[in-house]
Amino acid sequence: MCGIVGYLGTRRAYPVLIKGLKRLEYRGYDSAGVALITDRGDLQVYKTKGKVADLEAYASDKDVTGCVGIAHTRWATHGEPNSTNAHPHYSESNNLALIHNGIIENYITLKKQLEEHGVKFRSTTDTEVLVQLIEYMQKSQNVDLLTAVRLSLQRVIGAYAIAILDKSNPGQIIAARKSSPLVVGIGEDEFFLGSDASPIIEYTDKVIYLNDGDIAVIRRNEELEIVDFNNIPLEHEIKTVDLKLGQIEKGGFPHFMLKEIFEQPECLKDCMRGRINVDQTHVKLSAIIDYKDRLLAARRFIIVACGTSWHAGLIGKQLIESICGIPVEVEYASEFRYSNPVITNEDVVIAISQSGETADTLAAIQLAKQKGAFIYGICNAVGSSIARATDTGSYIHVGPEIGVASTKAFTGQVTVLTMLALALAKEKKVISSNQYSMMVNELNAIPDKMEEVLKANDHIRDISRIFTYAHNFLYLGRGFNYPVALEGALKLKEISYIHAEGYPAAEMKHGPIALIDDEMPVVVIATQNVLYDKLMSNIQEIKARRGRVIAIVTEGDTSVKALADEYIELPRTLECLEPLLATIPLQMLAYHIAICKGKDVDQPRNLAKSVTVE
Ligand code: F6R
């Protein structure tokens, strides 16, 4: 959840670190800090509550010289977001400075033990316990920093990615990871550290993704060394990152979220490229080719995911069940991991995660693996922990998603799930060639239809101005569009802070209808599919109670339009593909309402992009 950057080389470290923090700010943004070994040999820590821009302002009159440093942008877990709790944390003597992403679960016990030895603490964080423990080890055992780090980490229970500087050894950074991502960038006479590759790619495309239990020792003028907790040297593979700078910049849009909404047609083309061949009417997913027998033998699929990815999973369930006839369960990863689920080696677990780092999803995978299930991952972040923990999988290839509210990852996930369902159905021979080619062709046409939907942006901005007053919203949909209603409500609440609930439309009369009055906007996905008449009745029920309806309709519709207060048209498509179109106006509606309310859409309060803690 927090962002980590490090630099050791021949450039000035401070500008590299600040730029890197800005690229990682999506991971957390309640406080930020930097530690530098300055030209005078001092170990200086500057940190402040607020964003990276606040840190820059704070450090503007300070000594920011030096060619080695570490920096951090925080999403608070232990201790409120203030300057004292911000990272880096000094050790008691101020000789060490440490940054940390994750949670030290046994920090209270460790803190008590250290206090008994007279160590004084300045903050209320779990992180400070770690730096104090390392210094205590260094002094009490009379060992070097690497040994002290190893001994300390052996006593720590929890999740971490850390980086540490030592004033007495200015040519060195030590970094380690367990359950929190950390990447080392290798340049010419220089090294970089990042929670992901985005702060690194401007300087080098050569990276090493650290594994759990790795300790990286970065030393000036030396080869990178990676050891385990017992100091055994480990092999490491240098990978080339295929990420362009333009992909992580706003490209003329005011916000990443709007850029990512508008990128969706291109993203879906990238997602389908090489996988869909319309001429031969063919869907090809290498994971299905490689693991055909294992997947076809599945007794059932269990989808595990969180948040938006879980909503994509709900659509995946309907796709796989309706096209392949294989039973599918969809579980919140956080519930699944503690529910003692009945899983056998005949089950296939599909783990969906944009970041590939979500702690609950990772834990759900580990549990399912122990119980013998085969794991199929659907991730966006290449080389992420989840991608590496799965037996096979398919990347969604939509490029980095930086806005905290997930948009293009959702449509990418649904697209991969659609291709998965089609490829499985074909292999199982349970789909007619007519239905198969119709679906493949229509899926292939979705990016162009998305372009049509995006033209409604100005219209949706006008609608959003009317509804900015609202304190509550209801989103209704049925069938394939029920998860779209959930997703629309989630988007609105996370960036505008308006309370919103998604419901299957027919459930409205079992309770939520009591909420409807002339102040209540209800977004209804009422496209012309088999449930159209039912949705018409729901809209009439809302209007009878003077509720205000924003309807998502199929182009050419007249009946719903006549009833609704506002409407947004979608091109016609197959019912099972409607979510790919219907979700876009809901993303835009949430975006514009949040903008009208003056909210920070890319970095909404209390949230972070990648939830690497439980
Ligand atoms: C909502 C959102 C979150 C994530 C959830 C899972 O806009 O972004 O609900 O979908 O935290 O994250 P991933 O997909 O990275 O596992």
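Q: Which strand and which helix each supply at least two residues of the lining of the largest pocket?
A: Happily, this predicted model gives a clear pair to look at. Each of the two elements puts at least two residues into the lining of the largest pocket. They are strand 14 (239–240) and helix 7 (264–272).

Q: Which element gives the largest share of the lining of the largest pocket?
A: Strand 14 and helix 7 each supply at least two residues there. The largest share amounts to three residues, and it comes from helix 7.

Q: Where does the largest pocket lie with respect to the domains?
A: Let's start with its size: the volume is about 1,000 Å³. Its lining counts 44 residues, with Leu243, Asn380, Ala381, Val382 and Pro400 closest to the centre. Because domain 1 (3–246) and domain 2 (254–451) both give residues to this lining, the largest pocket lies between domain 1 and domain 2.

Q: How many charged residues are in the lining of the largest pocket?
A: Sorting the lining by class gives 12 polar and 16 nonpolar residues. The remaining class, charged, has 16 residues.

Q: Which domains does the second largest pocket lie between?
A: This pocket holds about 690 Å³ of space. Its 35 lining residues include Cys306, Gly307, Thr308, Leu490 and Val611, which lie nearest the centre. Two domains both give residues to the lining, so the pocket lies between domain 2 (254–451) and domain 3 (457–596).

Q: Which helix gives the most to the lining of the second largest pocket?
A: Elements giving two or more residues to this lining include helix 10 (307–324), strand 19 (347–353) and helix 12 (359–370). The top contribution is six residues, and it belongs to helix 17.

Conventions. Residues are numbered from 1 along each chain as its sequence is written. This is a predicted model: local features need pLDDT of at least 70, side-chain atom pairs count only at pLDDT 80 or more; totals for chains, interfaces and linings use all residues. Side-chain values use heavy atoms; hydrogens and water are left out. On a 1 Å grid over the protein atoms alone, a cavity is a set of points where a 1.4 Å probe fits but cannot get out, and a pocket is an open set with protein on both sides within 12 Å along at least five of seven lines; lining residues have an atom within 4 Å of a point. Grid points are joined across faces, edges and corners, and a volume is the space filled by probe spheres set on the points. Helices (H or I, at least four residues) and strands (E, at least two) are DSSP runs, numbered from the N terminus. Ala, Val, Leu, Ile, Met, Phe, Trp, Tyr, Cys and Pro count as nonpolar, Asp, Glu, Lys and Arg as charged, and the others, Gly among them, as polar. Domain bounds come from an automatic or database domain assignment.
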